[in-house]
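Colleague: Before I rely on these assignments, could you take me through the reasoning behind a few of them?

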Amino acid sequence: MEFTVQPYTADQEAAWDRFVMQESGNGTFLQTRNFLNYHPAGRFEDASLMVYNEHGGLAAVVPGAVQQEENGCEIFCSHPGSTYGGPVLRSTYNSAAKAIGVLEAVEEYLAHRYARAEFHLTPELLEKVENKALVYAFTYRGYTQFTELSTWVPLEGKTPETLLASFRQNKKQEVKKALKHELTFRYLTTWNEVETFHILLQQNLQKFHAKPVHTVDELWEFKTNRLPDITDYYGVFEDDTMVAGGMTFYFEQANVLHTQYLAADLSIHNYSPATFLYYQMLCVGVARGCKALSWGISTEEHGKVLNFGLIESKEGYGSRHALNLSFAKDF
């Protein structure tokens, strides 16, 4: 098949989003323009691409942006405003020939314009149609692979009781200890509550010399306008004080609940607000009939560094492992 690559323009937003959410096999809301457009103009230099087949039909989209290297060279990377990039392929393009053909066309376009390309693929857990041929296409084209380790908890057929039974002994004890404190777990429904959660999150990230990616106003806008059926916020309260909070995204095409942010009051030592929060969020996933709850990655620097304490904690909730893949190539 012959493929043609063209730069994305703003007037194609509706066609792009329809393709990602309704026609692709590995697209998620994180690759839609609706999501990417929450970033203010000028934060990124958009370089997204649209790939057409010989009949003029949309075969793939590639969310991307331009980044400057220290040596002054420009690189094309999966859009930094999203966790996952592309290529996002049509759901029927799960064959080796089509996957390789799309990647070859994209690479030919990029090689004349950039010094390097970096792609972050949608994890298999979040795909509507699996496409291992696309993963292989990067090896076939000589890309270097980077592997991140993530964790997720299977929820199908579970109950709150069987969930707790699947925890490691220390997590079971932490949940039972927290239950004695008459804590309240509920959705956060006001701007002030989300702000309190954001403050708690800031305090948690300070020890890593980091800040939340999103402002409190952006978090509130996700729930009230941009992603109302996808975003939820939760809080754990002791009396009227929030002692833990969480944010989830719901990936409908895969029926997976993903934890975007988790935070807890680090000054509390006589019980674990975080463990109670995680258990309750898993129960939410069960109640909603979700296939899984994803904790996300526990690695840094493209997978070269593993946070052993973090992943051991996540493993304590009966988690399984998955790989998040990225690929890079110098031109």
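Colleague: What makes the space of about 40 Å³ the second largest cavity?

Modeller: In this predicted model, three cavities of 30 Å³ or more are counted, and the volume of about 40 Å³ belongs to the second largest of them, while the largest holds about 70 Å³. A cavity is a set of points where a 1.4 Å probe fits but cannot get out.

Colleague: How do you know which residues line the second largest cavity?

Modeller: A lining residue must have an atom within 4 Å of a point of the cavity, and the residues that line this one are Gly-25, Asn-26, Leu-89, Arg-90, Ser-91, Asn-94, Val-129 and Asn-131. By class they comprise two nonpolar, five polar and one charged residues.

Colleague: And how does the lining of the largest cavity divide by class?

Modeller: That lining has five nonpolar, five polar and no charged residues; among its members are Tyr-84, Pro-123, His-258 and Asn-324, and strand 14 (292-297) and strand 17 (320-330) each supply at least two of the lining residues.

Colleague: Why are strand 1 and strand 7 said to stand at the edges?

Modeller: The open sheet has four strands in the order 1-3-4-7, with antiparallel pairing. Strand 1 (4-7) and strand 7 (88-89) each have a single partner strand, so one side of each is left without a neighbour in the sheet.

Colleague: What makes strand 1 and strand 3 a pair?

Modeller: Pairing asks for at least two bridges, and four join strand 1 to strand 3 (residues 49-52), so the criterion is met. Within strand 3, Tyr-52 is the bridge partner of Thr-4.

Key: Residues numbered from 1 in each chain as written. Predicted model: local features only at pLDDT ≥ 70, side-chain atom pairs only at ≥ 80, totals over all residues. Heavy atoms only, no water. 1 Å grid on protein atoms, 1.4 Å probe; cavity = no way out; pocket = protein on both sides within 12 Å on 5 of 7 lines; lining within 4 Å. Points joined across faces, edges and corners; volume = space filled by probe spheres on them. Nonpolar A, V, L, I, M, F, W, Y, C, P; charged D, E, K, R; others polar.
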